[in-house]
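Please look over the sequence and the model before reading on. The paragraphs below go through a few side-chain arrangements one after another.

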Amino acid sequence: RRQQTRGGFRFGDDRLEMMGGPPPARTGKKAGETQPLIDDSERPWYELLAEADGTEEASGLDAGLALRTEVERYEAFRKKKETGDDKYMQQVLKSGTLSDKVAAMTLLVQESPVHRGAILEELLDFARGGKRSSKMAIESLKDLFSKTLLPSTRRLACVKDKRGSEKVLALLAFEEFLKTTYGQFVETLEATSTKNAAPELRAFAVETAATLLEEKPELEQRILAVIVNKLGDPEGSVSSKASAALTGLLKRHRAMTKIVANEVQALAARPNVDTKALYNAIAFLSQIYLDKEHLADVAASLCEMYVAFFKRAVEQNNNQNHKKTTSSNSTKKKKKKKMEETTAAAASRRTSSPCCSRASEGPYPIAAAAAAAAAATAAAGETK
């Protein structure tokens, strides 16, 4: 690991072996040699920005141009100091395997984030690719954003009126670039968590979102929505992972209880919410630990929601029973009407049939013929 000494910096052997080491501190410069203004290999860029001198101002210099100039200055400096390890790293980026490329990109960004924005964008492109490359790149970006790039005590800002020295302008431009890139990464997570993705990727997106939400405050509302929406995932393993992620988040950050409860209530209140999503939402809300001193309003809103859902469930049950009864009565009426029509048709056929019909025409014509024969026989006997 890097250690500061009186004469400059000394690098650990393992770091040198893997990366060739970050650029040395400016202890003096040779004639004609231009060194980068920003050395973020040891301290995070946001600490350098917070401690930068705000009195000096570079007049007429654009922040984006200041960042591009700083990157070019850094690349030229590294090219002069290029080692065998640096050449090997470039070879890996060109012709290495997918896992080697992702690992190399991650190490390069960790080495100097401000000067490696282009590599960060390449990692983001990998995250939008196929299943294997997407999962590896998302895992790498999660580690970079949660451990290296994002500040823990504040959200990223976009300063419209950028003023300061060339170093300050470059750092402000990098912060704006980082805010945009992180927003694109969250969009990638949102797309990965949709139903079109494989269940394994959806569960992985939930885990990644939970880690980012626990570690950093940046875009917490959008990331929270990614997890909450998965409560209604058709795959049981994904929905249970979302519920577990929310429970773990509240154990670590009790202050977010109200925010999480409101988001889950909003999911349950959607007009077209799925029954499974509603069940999972209520099951999660019922497990939230409530403190009457600080969360009394949350408890009251939850009680109102439970009563409202109970009333709605009772009304739906009554409506279903009424529909079943109405449908049953309607079916009975139809059957009765059909039976009446059948009976009427049979009676009509009997009326229209001739009295002396063949025996094959049925019992009623036979009985009529027998009665006629008996009457005729009786009349003949009286005549005799």
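What follows deals with aromatic rings, then with a charge over a ring, and finally with one serine in a helix.

The model is a predicted one. Six aromatic pairs are counted in it. One of these is formed by F174 and F177, whose ring centres are 6.2 Å apart. The planes of F174 and F177 make an angle of 40°; since tilted pairs are those between the limits of 30 and 60 degrees, this pair is classed as tilted.

Both F174 and F177 belong to helix α8, which covers residues 166-192. Three residues separate F174 from F177 along the helix, about one turn. The two phenylalanines fall into separate accessibility classes because the limit for buried is under 20%. F174 has a relative accessible area of 1% and is therefore buried, while F177, at 21% relative accessibility, counts as partly exposed. The ring contacts also extend beyond helix α8's phenylalanine pair: W45, Y46, F174 and F177 are linked by ring pairs into a cluster.

A ring of another kind of arrangement is that of F204. K135 lies over the face of F204, at 5.5 Å from the ring centre.

The last stop is S239, which is placed in helix α11, residues 236-252. Is S239 buried or exposed? Its relative accessible area is 7%, so S239 is buried. Which residues does S239 touch, leaving aside its neighbours within four places in sequence? S239 is in contact with K230, L231 and D233, and also with K276 and N280.

Key
Residues numbered from 1 in each chain as written. Predicted model: local features only at pLDDT ≥ 70, side-chain atom pairs only at ≥ 80, totals over all residues. Heavy atoms only, no water. Phe/Tyr/Trp six-rings, centres within 6.5 Å; stacked < 30°, edge-to-face > 60°. Helix = DSSP H or I, 4+ residues; strand = E, 2+ residues; numbered from the N terminus. Buried < 20%, exposed > 50% of the residue type's maximum accessible area, 1.4 Å probe, protein only. Lys NZ or Arg CZ within 6 Å of the ring centre and 35° of its normal. Contact = heavy atoms within 4.5 Å.
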